[in-house]
Amino acid sequence: MMKIAPSILSADFCNLKHDIVLVEKAGVEYLHVDIMDGHFVPNITFGPKVVADIRKNTSLVLDCHLMIDNPEAYIKDFAQAGGDILTIHVESTRHIYRAVQLIRDNNVKAGIVLNPGTPLTAIEPVLPLVDQVLIMTVNPGFGGQAFIPEMVEKVRKLKEIKDLNDYAFDIEVDGGISDKTIGKCYEAGANVFVGGSYIYDADTPEQRIQSLKDAVAL
Ligand code: DX5
Ligand code: ZN
């Protein structure tokens with residue numbers, strides 16, 4: 001099942017509700033919510049309070065991408081705030097297996113994410129436990145960066161591992177996704193596509209969403 005996940009990182013935070021309703025009406029499945037702490041990545045966004053307020057205003061699946069150190073300390077807060085999927089970076093904790101177990105114990109979907117420089121081997125032991133694997137196609141921290149083409153092979157290898165083991169997780173890509181890059185990721189095996197600046201830095205975000213769908217014939 002293919003899903004488009006607009007990233008509100010590129011939305012107008014003073015008009016967040018408007019920007020969320022806009023993409024919801026355009027017919028997307030997920031809302032991608034980027035949490036940054038100024039430590040794990042060199043940028044800061046917001047915390048559980050904002051996620052809870054978003055929750056009250058949309059029925060979209062809240063796909064929370066936690067770019068924070070010590071994610072274990074905040075998993076419960078983001079789950080209680082209404083996050084549906086909590087995705088944590090393998091690089092952000094010494095105890096990735098325990099952290100994924102903790103997400104599951106909070107009765108939300110568990111995701112794991114890899115920076116561009118981190119190999120797939122780092123996550124192989126937790127693959128049986130996760131609902132989603134996110135392959136970063138830019139270095140995390142900012143919207144509007146250029147897609148790293150070498151990541152397509154990483155997606156392809158992950159899809160091979162998934163098929164070989166009959167895993168059910170979704171494969172998500174995040175960073176530099178546009179009508180030009182989405183097709184390569186789709187063809188390699190990704191099925192969840194985050195779009196930030198491509199969607200929101202446009203006069204008509206709904207048309208950009210349609211272009212993404214058209215590019216993979218959704
Ligand atoms: C970057 C974030 C992305 C970001 C993508 O660290 O994880 O979700 O919003 O932005 P674009 O689509 O503009 O590359
Ligand atoms: Zn993200």
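The following paragraphs describe the overall fold, the annotated active-site residues and the ligand surroundings of a predicted model.

The chain is built from eight helices and eight strands. Its radius of gyration is 16 Å, close to the 17 Å that the globule rule gives for 218 residues, so the chain is as compact as a globular protein of that length. Taken along the principal axes, the box filled by the C-alpha atoms has dimensions of roughly 45 × 35 × 30 Å. Of the 218 residues, 43% count as buried, and among the contacts between residues at least 6 apart in sequence, 63% join residues that are at least 24 apart.

In an unreviewed entry, UniProt lists D34 and D174 under the term "active site". These two positions span 141 residues in sequence, yet their C-alpha atoms are not more than 10.6 Å apart, so the pair gathers at one spot. The annotation comes from the record, and such annotations may be inferred rather than shown by experiment.

The first of the listed positions, D34, is found in strand β2, which comprises residues 30-36. Because 24 C-beta neighbours lie inside 10 Å of D34, and the threshold for burial is 20 or more, this residue counts as buried. When neighbours within four places in sequence are left aside, D34 is in contact with S7, L9, T45, H65 and M67.

The other listed position, D174, lies in strand β7, formed by residues 170-174. With 27 C-beta neighbours inside 10 Å, D174 also counts as buried. Its contacts, again leaving aside neighbours within four places in sequence, are with H65, L134, M136, T137 and V194. H65 is thus named both among the contacts of D34 and among those of D174.

Around ligand 1 there are 22 residues, of which S7, L9, G143, G196 and S197 come nearest. The elements that give two or more residues to this shell are strand β2, strand β8 (192-195) and helix α7 (197-200). Strand β2 is also the element in which D34 is found, and S7 and L9, listed with the residues that come nearest to ligand 1, are likewise in contact with D34. V194, a contact of D174, has a position that falls within the range given for strand β8. In composition, the shell around ligand 1 divides into seven nonpolar, 13 polar and two charged residues.

Conventions: Residues numbered from 1 in each chain as written. Chains lettered and ligands numbered in written order. Predicted model: local features only at pLDDT ≥ 70, side-chain atom pairs only at ≥ 80, totals over all residues. Helix = DSSP H or I, 4+ residues; strand = E, 2+ residues; numbered from the N terminus. Buried ≥ 20, exposed ≤ 12 C-beta atoms within 10 Å, placed from the backbone. Contact = placed C-beta atoms within 7 Å. Near = placed C-beta within 6 Å. Nonpolar A, V, L, I, M, F, W, Y, C, P; charged D, E, K, R; others polar. Rg over C-alpha atoms; globule rule 2.2 N^0.38 Å.
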